[in-house]
Amino acid sequence: MTLTFNQPGSGRPVRGLSDSAVEPLRDKLKEWDARMQRRVIGSNWFNVPDNQLFCLYTLEKPGVNPHWHGLVHFWMADDDERRRQGEKFDRWANELWQDLVPAGDVDVKTVSYEAGAIDYVGKSLLDQLSYANWVPPDSFRTA
């Protein structure tokens, strides 16, 4: 999935962010992640870690066209539940992102093979390795 930040009214990418401007982008992602967990898993999502969505995010091109790439894995789910979770995720991802980033949008794609997932999230590593822009699984799960 990709979560974009666009300039209000233009649909064009946000440009010229400094390193210090990355933190608010991370805050938007954290809030979106929590809202998605609530929608897909339920209101008690934080207290049931075995049922939470397992998410990994990386920020690509923060100074030119900032956008989050993410991988989401549905845990502890049989085929019917996984399908239900996927449908809820697809239904709410863009709306909840636009509540936080009105000019932004979301592109969700199903990854069906491991190499594709690695290429998708890891492509920004070829330009510049920056662990500061990675959000590993469970990093938003602090007590």
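Two strands count as paired if DSSP finds at least two bridges between them, and in this predicted model that rule underlies the statement that T4 stands opposite H67 in β3.

**Exercise 1. Describe the order of the elements along the chain and then the arrangement of the strands in the sheet.**

Step one is to list the elements, and the protein has three helices and five strands, which follow one another along the sequence in the pattern β-α-β-β-α-β-α-β.
Step two is to place the strands side by side: the five form an open sheet with antiparallel pairing, in the order β4-β1-β3-β2-β5.
Step three is to look at the ends of that order, where β4 (106-107) and β5 (134-135) each have a single partner strand, so one side of each is left without a neighbour in the sheet.

**Exercise 2. Work out how β3 is joined to β1 and to β2, and which residues stand opposite one another.**

Begin with β1, which pairs with β3 in the antiparallel sense over three bridges; here T4 is the residue that stands opposite H67 in β3.
Continue with β2 (residues 54-60), which runs antiparallel to β3 (residues 67-73) and is joined to that strand by seven bridges.
Two positions illustrate this pairing, since Y57 stands opposite G70 in β3, while T58 stands opposite H69 in β3.
Finally, turn to the connection, where the hairpin of β2 and β3 has six residues between the strands, and K61 takes a positive phi near 50°.

**Exercise 3. Locate helix α1 relative to the sheet.**

The helix spans residues 22-41 and lies across β1 (2-4), β2, β3 and β5.
For its direction, take β2 as the reference: α1 runs at about 155° to that strand.

**Exercise 4. Determine how many cavities of 30 Å³ or more there are, and which residues line the largest cavity.**

The reasoning starts from a general point: rolling a probe the size of a water molecule over the atoms shows where empty space is left.
Applied to this model, the count comes to one cavity of 30 Å³ or more, and the largest cavity holds about 40 Å³ of space.
Its lining includes D33, C55 and Y57, together with V135, P136, P137, D138, S139, F140 and R141.
Among these, Y57 is also the residue that stands opposite G70 in β3.

**Exercise 5. State what share of the residues is buried and what share of the contacts links distant positions.**

With buried taken as under 20% relative accessible area, buried residues make up 37% of the 143 residues.
For contacts with a separation of 6 or more, residues 24 or more positions apart account for 66%.

Methods:
Residues numbered from 1 in each chain as written. Predicted model: local features only at pLDDT ≥ 70, side-chain atom pairs only at ≥ 80, totals over all residues. Heavy atoms only, no water. Helix = DSSP H or I, 4+ residues; strand = E, 2+ residues; numbered from the N terminus. Buried < 20%, exposed > 50% of the residue type's maximum accessible area, 1.4 Å probe, protein only. Contact = heavy atoms within 4.5 Å. Axes fitted to C-alpha atoms, helices over the stretch in contact; angles between N-to-C directions. 1 Å grid on protein atoms, 1.4 Å probe; cavity = no way out; pocket = protein on both sides within 12 Å on 5 of 7 lines; lining within 4 Å. Points joined across faces, edges and corners; volume = space filled by probe spheres on them.
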